[in-house]
Amino acid sequence: MSINRKNKYLEKENKKILYNKLNNEKISEIIIANTFQKRLLGLMFRQKTEFPMLFEIPQNIGTKMRSSIHSLFMRFDLKLVFIDKNNIVFEMADLKPWRLYVPKKEAKYIIEFEKTRFENYNIKINDKIEIK
């Protein structure tokens, strides 16, 4: 990806705030990947990331494979957080570069965190998530 194209992609990043609804605590600002191109590129090719990225999974594909995620062209390990249709965290996983992960069930959202920075976020299984 050329530097010019990359800068245009980064300039268009849509950010929101991720909250833990159980304790009304702000977790982090997040980058929203809500288009095909943004979901395809995700955090690929980046040396690091300042914010986690939330993938909005299209609901018109009816299998859990649509919730699968890869780490091709990644330069750092990921911590994945899978959120169901009720906005509940149902699964978390570690993913090294050049791997594929398929969750146990379909996800409405997937959040990619830089694994080395994940401990800075207060998020765990069964938390209810809100995005504003």
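**Charged and aromatic side chains in a predicted model**

The charged end of K79 is placed over the ring of F118, at 5.5 Å from the ring centre. The model in which this arrangement appears is a predicted one. K79 is a useful point of entry, since the discussion of the salt bridges also begins with this residue.

Side chains of opposite charge can pair when their charged atoms come close. In this structure, the count of salt bridges comes to six. One of them joins the side chains of K79 and D94, with a distance of 2.9 Å from N to O. K79 belongs to strand β5, residues 78-83, and D94 to strand β6, residues 89-95, so this salt bridge ties together parts of the chain that are 15 residues apart in sequence. The two partners can also be described by their accessibility. K79 has a relative accessibility of 17% and therefore counts as buried, the cut-off being under 20%. D94, at 40% relative accessibility, counts as partly exposed.

D94 has a further partner. Its side chain meets that of K115 in a salt bridge, with 3.4 Å between N and O. Here D94 again contributes from strand β6, whereas K115 lies in the loop between β8 and β9 (129-131), so the pair connects parts that are 21 residues apart in sequence. Through shared partners, the salt bridges join K79, D94 and K115 into one network. K115 is partly exposed, with a relative accessible area of 35%.

Another salt bridge is formed by K105 and D84, whose closest N and O atoms are 3.5 Å apart. K105 is located in the loop between β7 (100-101) and β8 (109-114), and D84 in the loop between β5 and β6; the pair therefore ties together parts that are 21 residues apart in sequence. With a relative accessibility of 39%, K105 counts as partly exposed, whereas D84, at 10%, counts as buried.

The aromatic residues form the next topic. The structure holds five aromatic pairs. Ring pairs link F82, F90 and Y101 into a cluster. An aromatic ring also accompanies a charge at K132, whose charged end sits over the ring of Y19, 5.0 Å from the centre of that ring. The placement of K79 over F118 was described at the outset, and K79 thus takes part both in that arrangement and in the salt-bridge network with D94 and K115.

At the surface, L72, F73 and W98 make a nonpolar patch of about 300 Å². Of these residues, F73 lies in the loop between β4 (69-70) and β5. The relative accessibility of F73 is 41%, so this residue counts as partly exposed.

The final position to consider is S28, a residue of strand β2, which covers residues 25-33. Is S28 buried or exposed? At 7% relative accessibility, S28 counts as buried, because this value falls under the 20% cut-off. Leaving aside residues up to four places away in sequence, S28 touches K16, I17, L18, P52 and Y121.

Conventions:
Residues numbered from 1 in each chain as written. Predicted model: local features only at pLDDT ≥ 70, side-chain atom pairs only at ≥ 80, totals over all residues. Heavy atoms only, no water. Salt bridge = Lys/Arg side-chain N within 4 Å of Asp/Glu carboxyl O. Helix = DSSP H or I, 4+ residues; strand = E, 2+ residues; numbered from the N terminus. Buried < 20%, exposed > 50% of the residue type's maximum accessible area, 1.4 Å probe, protein only. Patch = residues over 30% accessible without salt bridge, like charges linked within 9 Å, V, L, I, M, F, W, Y side chains within 5 Å. Areas by Shrake-Rupley, 256 points an atom, 1.4 Å probe, with all protein chains shown as cover. Phe/Tyr/Trp six-rings, centres within 6.5 Å; stacked < 30°, edge-to-face > 60°. Lys NZ or Arg CZ within 6 Å of the ring centre and 35° of its normal. Contact = heavy atoms within 4.5 Å.
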